[in-house]
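Reader: I like to look at side-chain contacts before I set anything up. Could you take me through one part of this model in detail?

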Amino acid sequence: MRAMKKLSVLAALAATPAAASTGLEFSLHNTNFVVLVGFLIFLAALVYFKVPGILGGLLDKRAVQIKSDLEEARALRDEAKEILASYERKQREVQAQSDRIVASAREEAVAAATQAKADLAEAIARRLAAAEDRITSAETAAVREVRERAIAVAIAAAGDLLTKQMTADAAAASIDAAIVQVEAKLH
């Protein structure tokens with residue numbers, strides 16, 4: 001079988017356009033023949049040193065390496081898809097949680113506003129009651145002060161009237177009557 005390959009290679013090489021144009025001469029003066037012989041020796045050396053097998057082995061190793069790299073890339077892609085799905089799920093959870101927090105904050109704000117309105121109404125009622133108490137107290141004090149002044153004015157007017165109407169004899173009789181009253185009450 002090796003011999004058959006060698007012959008087919010020789011026949012293919014012999015059928016080159018260069019051989020057809022100059023004729024097939026087996027002479028060292030024919031450059032085409034020398035190049036052909038050198039090329040055949042080069043191919044034989046490559047086969048002898050098993051270069052095609054080495055190249056095939058290297059290509060096989062490279063193919064195995066590429067295949068393992070592809071498998072690793074698929075595994076990394078699958079892992080990345082899982083991580084992405086996990087992050088998207090976490091993002092949805094965080095979004096839902098933030099929506100719940102916002103809704104809770106709104107409810108708390110509404111409740112705080114309602115409570116503030118109630119507290120304000122209560123504070124206004126207390127201040128109105130305190131103001132009404134102060135007004136009532138001021139009215140009572142004003143009435144008392146007016147009465148006291150009226151009494152003082154009446155006493156002063158009565159004193160002036162008595163002073164004008166009182167004579168010395170009447171004053172002495174009034175003092176005697178007062179002494180008698182005090183003696184009667186003391187005994």
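What relative accessible area does Glu122 have?

Author: Happily! Glu122 has a relative accessible area of 46%, so it counts as partly exposed (buried is under 20%, exposed over 50%, and partly exposed in between, with a 1.4 Å probe and protein chains only). Before going further, please keep in mind that the model is predicted: local features need pLDDT of at least 70 and side-chain atom pairs pLDDT 80 or more, while totals for chains, interfaces and linings use all residues. Residues are numbered from 1 along each chain as its sequence is written, and side-chain values use heavy atoms, without hydrogens or water.

The partner of Glu122 is Arg126: their side chains meet in a salt bridge, at 3.0 Å from N to O (a side-chain nitrogen of Lys or Arg within 4 Å of a carboxyl oxygen of Asp or Glu). Both residues sit in helix H4, four residues apart, which is about one turn of the helix (helices are DSSP runs of H or I with at least four residues, strands are E runs with at least two, and numbering starts at the N terminus). Arg126 counts as exposed because its relative accessibility is 51%.

The pattern returns further along H4. Here Arg149 and Glu145 join their side chains in a salt bridge at 3.8 Å, N to O. Again the two residues are four apart in helix H4, about one turn of the helix. Arg149, at 56% relative accessibility, is therefore exposed, whereas Glu145, at 43%, is partly exposed. The salt-bridge count comes to two.

Helix H4 itself covers residues 51-165, and it carries other surface features. Lys67, Arg74, Arg77 and Lys81 form a positive patch on the surface. Patches take residues with over 30% relative accessible area and no salt bridge, joining like charges within 9 Å and nonpolar side chains (Val, Leu, Ile, Met, Phe, Trp, Tyr) within 5 Å. Lys and Arg count as positive, placed at NZ and CZ. Within this patch, Lys81 is a residue of helix H4, and it counts as exposed because its relative accessibility is 52%.

A nonpolar surface patch is made by Ile54, Leu55 and Leu58, which together have about 290 Å² of accessible area (Shrake-Rupley, 1.4 Å probe). Ile54 has its place in helix H4; with a relative accessible area of 48%, it is partly exposed.

Just ahead of the helix, Lys50 belongs to the loop between H3 and H4. Its phi is near 60°, a positive value in a residue other than glycine. Most residues other than glycine have a negative phi. For your setup notes, Lys50 is exposed, at a relative accessible area of 59%.

For contrast, consider Asn30, in the loop between helix H2 (17-22) and helix H3 (31-48). Its relative accessible area is 14%, so Asn30 is buried.

To place H4 in the whole chain: there are five helices and zero strands, and from the N terminus the elements run α-α-α-α-α. Of the 187 residues, 3% count as buried. The chain has an accessible surface of about 16400 Å², and 66% of that belongs to carbon and sulfur atoms.
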